[in-house]
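Trainee: Got a minute? I'd like a quick tour of this one.
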Amino acid sequence: MQLTLQKKVLQLKHTFSISRESHDFQDTLIVSLTLDGKTGFGESTSNPYYKITVESMMAEIENIRPDIESFDFKKPEDFHKFLTEKGLTNFAICALDLAAWDLYGRLENQPLYKIWGTSNENYPITNYTIGIAPIDKMVEKMKEMPWPIYKIKLGTEDDVAIVRELRKHSDALFRIDANCAWTAEETIENAPQLKELGVEFLEQPLRADDWEGMEKVAHNSVLPVIADESCIVEQDVERCGLHFNGINIKLTKCGGLTPALRMIKKAKEMGLKVMVGCMTESTVGISAIAQLLPQLDYVDMDGPLLLKNDIADGIRILDNGQLIYPELAGSGITLR
């Protein structure tokens, strides 16, 4: 296989803020794998919370470039096992795994969702994320992008008041992501008010390691709670099943599509709702997520909608949240 690595800088339409950080640009790594005249593309973004940079991922991958390029590629699962044994971080593995699956689909001349035995006739609609900002700015973003489902980032001293004000300007379904900013008591107290305001569920209200608090929330919250920072890798799914109503899988965090498929299967066996979320990434990563849609209950794949400059074509998200799948095989990605 031929391996190519590219650093890209994605410019956002607006400053994006959550409870712990803000940014206007997003660094991302684009990986391409070429074999028998076919090329697959993968992506993984930098992440200060997990101390991941594009440069650190590139260094990891370059360190085993000869092993990658001489690998006898047949199936993505075998390639993923090989990468795991080499000790790469999950972020670096994700970019390579997504490229491997895209390549595999192209070699098989089928989109991945068909290879996995699913149909794209029915799928959940992505939410559109509204980051933390002054209320007038949040309202402005909603008016700029009318959408059927909003994910609202919270983690301030006036969270319920913010949602109450936003509700005056939209009949859309709301989802709340506090990004670990609340306590168990705040969550339990906020939930009834937020439910009345048309909130569907709460995502990761407590610190990722506050399992005692989450047990209280699990027994006392009137709204379902979805794990995000508490559910990073495959081994986390079982524990989350005892404390949450569902899980949000991030491909970059778990290491790509290969482990995500196993996490989806395990979560469904446990009766959990399954969501896949995105980072602020381009259409490269989002087109990979789109292949999983028939298996999901919820999805957060609005990355390209937040960008001022996308770098690829693939899955197209229409104004009503509906999708146009690419005609190409694999994940259907082409770089611009």
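Trainee: What do β7, helix α9 and β8 make?
Mentor: A right-handed β-α-β unit, with α9 covering residues 211–220. Right-handed means that, with the strands pointing away from you, the path from the first strand over the helix to the second runs clockwise. Helices (H or I, at least four residues) and strands (E, at least two) are DSSP runs, numbered from the N terminus.
Trainee: Anything I should know about the model?
Mentor: It is predicted: local features need pLDDT of at least 70, side-chain atom pairs count only at pLDDT 80 or more, and totals for chains, interfaces and linings use all residues. Residues are numbered from 1 along each chain as its sequence is written, and side-chain values use heavy atoms, leaving out hydrogens and water.
Trainee: Back to β7. Why is it largely enclosed?
Mentor: Four of its five residues (199–203) are buried, so the rest of the structure largely encloses β7. Buried means under 20% relative accessible area (1.4 Å probe, protein chains only).
Trainee: How does β7 run with β8, and over how many bridges?
Mentor: Parallel, over two bridges. Pairing takes at least two DSSP bridges. Glu 203 stands opposite Ile 226 in β8.
Trainee: And which residue stands opposite Ile 176?
Mentor: Leu 202 in β7. Strand β6 (173–177) pairs with β7 in the parallel sense, over three bridges.
Trainee: New topic. What order do the strands of the open sheet have?
Mentor: β1-β2-β3, paired antiparallel. β1 (2–18) and β3 (38–45) are at the edges with a single partner strand each, so one side of each lacks a neighbour in the sheet.

Terms used:
Buried < 20%, exposed > 50% of the residue type's maximum accessible area, 1.4 Å probe, protein only.
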